[in-house]
Amino acid sequence: MFTGLQPTAASLHIGNYLSAIKGVLALQETHECILCVVDYHAITVPYDPAQLYQRRINIAAEYLAAGVDPERVTMVVQSDVPEHVELAWLLGCLVPVPKFEQLPTYKDKKARYGSAGFGLLAYPILMAADILIYKAEAVPVGKDQQPHIEFAREVARRFNHTFGPTFPEPHAEINAGAYIPSLDGQGAMSKSSGKGTLNLSDDEATIRRKLARAVTDPARIRRTDPGEPTRCPVYTLHGCYTPQPELEQIAAGCRSAAIGCLECKRLLADEVVADLGPLAARRAALLAHPDRVREILAAGAKTCRPLARQTLDEARHKMGLS
Ligand code: ATP
Ligand code: MG
């Protein structure tokens, strides 16, 4: 298993946690796992160099605070294993340019920032290299990353077809938290946009305040109006926290206006606080002594480099470069 998260904010949000990190937690008992802080991806959009280093540490601390077991999962910073970039160059030679331009995340970020550097265009080939360099098969991600996993599969197929069987085709592991909308109702929750996020660093009061202000079904204006739960970000989060019988009661109560948005949000806040409250406390404790986090990342680089080197050498040899 391989997955990576970008240090594009001071803290991960609940969408990153419920999709990618929960995916790692589900697989860490049964799979060889590599969990990456993908800093070379984070520099494909405008960023502040003074903050990047600390953000890498924060995110690694959040992996641990969320329950990632460093005895089972190798945690590593992408730029500590430069072989990823070299493999990306080799693989990139197999892919026609329009394939890159079609990908939705490229189009979205290009539109958001008004321009795009080569790094943003090349993002999916580096991501394919991140995964393929460890011959990973399972990749827990959110829904937005599915096209990138499909791209990585195609790259693996092309390489295998051209140079002989080398890479397994990876698949996305998609779970219930795969798409968490922003609490302001504007598309997906996103670290870099920073609006409408619930963060893993938020304390109880902040979580309750953010949820109390969250947008719900826009058609439900008065308490007596019936609502449509599938249009409501609060209900989507309930889907990740609330057991099935209660979830059905909430959906029915929303549709019949038997339950109001305030009550629905309070029920959710109790669940989220019980989960994220202790996580934020563990995060703070880890960041008070970040040496332990740094040691874990240094050990991760030591483990990953020979693995990455081996695949890179194999690919170079098959391509006639050695
Ligand atoms: P950025 O805005 O910088 O792209 P992000 O919030 O999209 O940040 P990434 O680091 O790009 O986070 O992605 C990390 C993981 O979180 C990926 O597996 C991605 O699919 C997942 N993810 C991102 N946003 C959401 C979301 N709204 N709901 C569920 N999963 C998400
Ligand atoms: Mg993203």
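These legends go with a set of close-up views of a predicted model.

**View 1. Who sits around ligand 1.**
Start with the neighbours: ligand 1 has 22 residues surrounding it. The closest of them are Thr-8, Lys-109, Asp-144, Lys-191 and Ser-192. Sorted by class, this shell holds 11 polar residues, eight nonpolar ones and three charged ones. If you'd like one element to look for, pick helix H1, which runs over residues 14–27. Helix H1 gives the shell its largest share, four residues.

**View 2. Side chains that meet the oxygen atoms of ligand 1.**
Zoom in on three side chains here. Lys-109, already listed among the closest residues, has a side-chain N or O atom 2.5 Å from an oxygen atom of ligand 1. For Lys-191, the distance from a polar side-chain atom to an oxygen atom of the ligand is 2.6 Å. His-13 joins in too, with 2.7 Å between a side-chain N or O atom and an oxygen atom of ligand 1. How much of ligand 1 does the protein cover? On its own, the ligand has 600 Å² of accessible area, and the protein covers 95% of that.

**View 3. The largest pocket, home of ligand 1.**
Pull back a little and look at the space itself: ligand 1 takes up the largest pocket. Its volume is about 1000 Å³. The lining counts 47 residues, and those closest to the pocket's centre are Asn-16, Lys-109, Asp-144, Gln-145 and Met-189. Lys-109 and Asp-144 may ring a bell, as both are also listed among the closest residues to ligand 1. Which elements give two or more residues to this lining? They are strand E1 (2–5), helix H1, helix H6 (104–113) and helix H7 (118–132). By class, the lining has 19 nonpolar residues, 19 polar ones and nine charged ones.

**View 4. The largest cavity.**
Now for a separate search: across the whole structure, three cavities of 30 Å³ or more turn up. The largest cavity holds about 90 Å³ of space. Its lining includes four cysteines to look for, Cys-232, Cys-254, Cys-261 and Cys-264. Also in the lining are Thr-216, Asp-217, Arg-220, Tyr-235, Ile-250, Ile-259 and Gly-260. Seven of the lining residues are nonpolar, with two polar and two charged. Two helices, H11 (244–255) and H12 (261–288), each bring at least two residues to the lining of this cavity.

Terms used. Residues are numbered from 1 along each chain as its sequence is written. Chains are lettered from A and ligands numbered from 1 in the order in which they are written. This is a predicted model: local features need pLDDT of at least 70, side-chain atom pairs count only at pLDDT 80 or more; totals for chains, interfaces and linings use all residues. Side-chain values use heavy atoms; hydrogens and water are left out. A residue is near a molecule or strand if one of its heavy atoms lies within 4 Å of it. A polar contact is a pair of N or O atoms within 3.5 Å; within protein, one must be able to donate a hydrogen and the other to accept it, and residues adjacent in sequence count only if both atoms are side-chain atoms. Accessible areas come from the Shrake-Rupley method with a 1.4 Å probe; for residues, only the protein chains shown count as cover. On a 1 Å grid over the protein atoms alone, a cavity is a set of points where a 1.4 Å probe fits but cannot get out, and a pocket is an open set with protein on both sides within 12 Å along at least five of seven lines; lining residues have an atom within 4 Å of a point. A molecule sits in a cavity or pocket if more than half of its atoms lie within 2 Å of its grid points. Ala, Val, Leu, Ile, Met, Phe, Trp, Tyr, Cys and Pro count as nonpolar, Asp, Glu, Lys and Arg as charged, and the others, Gly among them, as polar. Grid points are joined across faces, edges and corners, and a volume is the space filled by probe spheres set on the points.
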